[in-house]
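Here are my notes on this model, point by point. Please read them alongside the coordinates.

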Amino acid sequence: MFADIGAPLCPLLFATDAQGTNDIDAGGYDIVARPAPPPLVRAVFERGSQVGLTVARLNGDQSGLRRPDKSSAPTVPFTLLPRELFDLDAWFVLDHGRWRHPDHVTSGESRGVIKLLDIVTRGVAFHRLRLLSLQDNRPTSGAMTKGRSPSAPLNYLMRRKTARALASAMRLGLPWAESIKMPADESSRINAQ
């Protein structure tokens, strides 16, 4: 086993999302991709692990504060990824579907990442690359980046992710973005029955 430090970045950017269990079914998932110029891919790679913090929501709402008149420490996260990344017209759907069994949304988000890896590891062109896939679930992004979790179901999914990554000599980065900006959000709700 070796670490390919100089592995190139994949010219495609990905995003996965999952819908949790609802009144209709067990939820669904979506995988989208977009071709991106090298400067955008590099910017996502370099800024992907950084998160900004503010005291108000992006719309200026401070309703979560106990005392809005008193200054407080910033705790509301926001992404530092480039705005052009979130042009929804540039993204296309690779795969989407409905889950057969209900589970926690974090497990569903992680299973979406596994489905992405199942798709890209089939193509030899993706082997020995560094892939980036947007994630709007911070526990999934953090656990997959760290490689472990205190949750047994998530640890099982981490092992599946690691097996696919090792088999294809692939590195997967999961930069976090707010759900409202997530390009995979809409199609994870397709065909809810």
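1. A contact here means heavy atoms within 4.5 Å. On that basis, 80% of the contacts in the chain with a separation of 6 or more come from residues 24 or more positions apart. Bear in mind that this is a predicted model.

2. Secondary structure next. The chain has four helices and seven strands. Along the sequence they run β-β-α-β-β-β-α-β-α-α-β.

3. Burial and surface. Of the 193 residues in the chain, 43% are buried. The exposed area is about 10,800 Å². Carbon and sulfur atoms supply 54% of that area.

4. Helix α3 spans residues 138-146, and its buried residues are T140, S141, A143 and M144. What do they pack against? The buried residues of α3 pack against two helices, α2 (105-120) and α4 (152-167). As background, an α-helix has 3.6 residues a turn, so residues three or four places apart point the same way.

5. Look at both ends of α3. At the N-terminal end, N137 acts as the cap. A side-chain oxygen of N137 lies 2.9 Å from the backbone nitrogen of T140. Just after the helix, G147 takes a positive phi of about 95°.

6. H96 deserves a separate check. H96 sits in strand β5, residues 92-98. Why is H96 classed as partly exposed? Its relative accessible area is 28%, and the class covers values between the buried cut-off of under 20% and the exposed cut-off of over 50%. H96 and K115 are 19 residues apart along the chain, and their C-alpha atoms are separated by 9.6 Å.

Notes:
Residues numbered from 1 in each chain as written. Predicted model: local features only at pLDDT ≥ 70, side-chain atom pairs only at ≥ 80, totals over all residues. Heavy atoms only, no water. Buried < 20%, exposed > 50% of the residue type's maximum accessible area, 1.4 Å probe, protein only. Areas by Shrake-Rupley, 256 points an atom, 1.4 Å probe, with all protein chains shown as cover. Polar contact = N/O pair within 3.5 Å; in protein donor to acceptor, adjacent residues only side chain to side chain.
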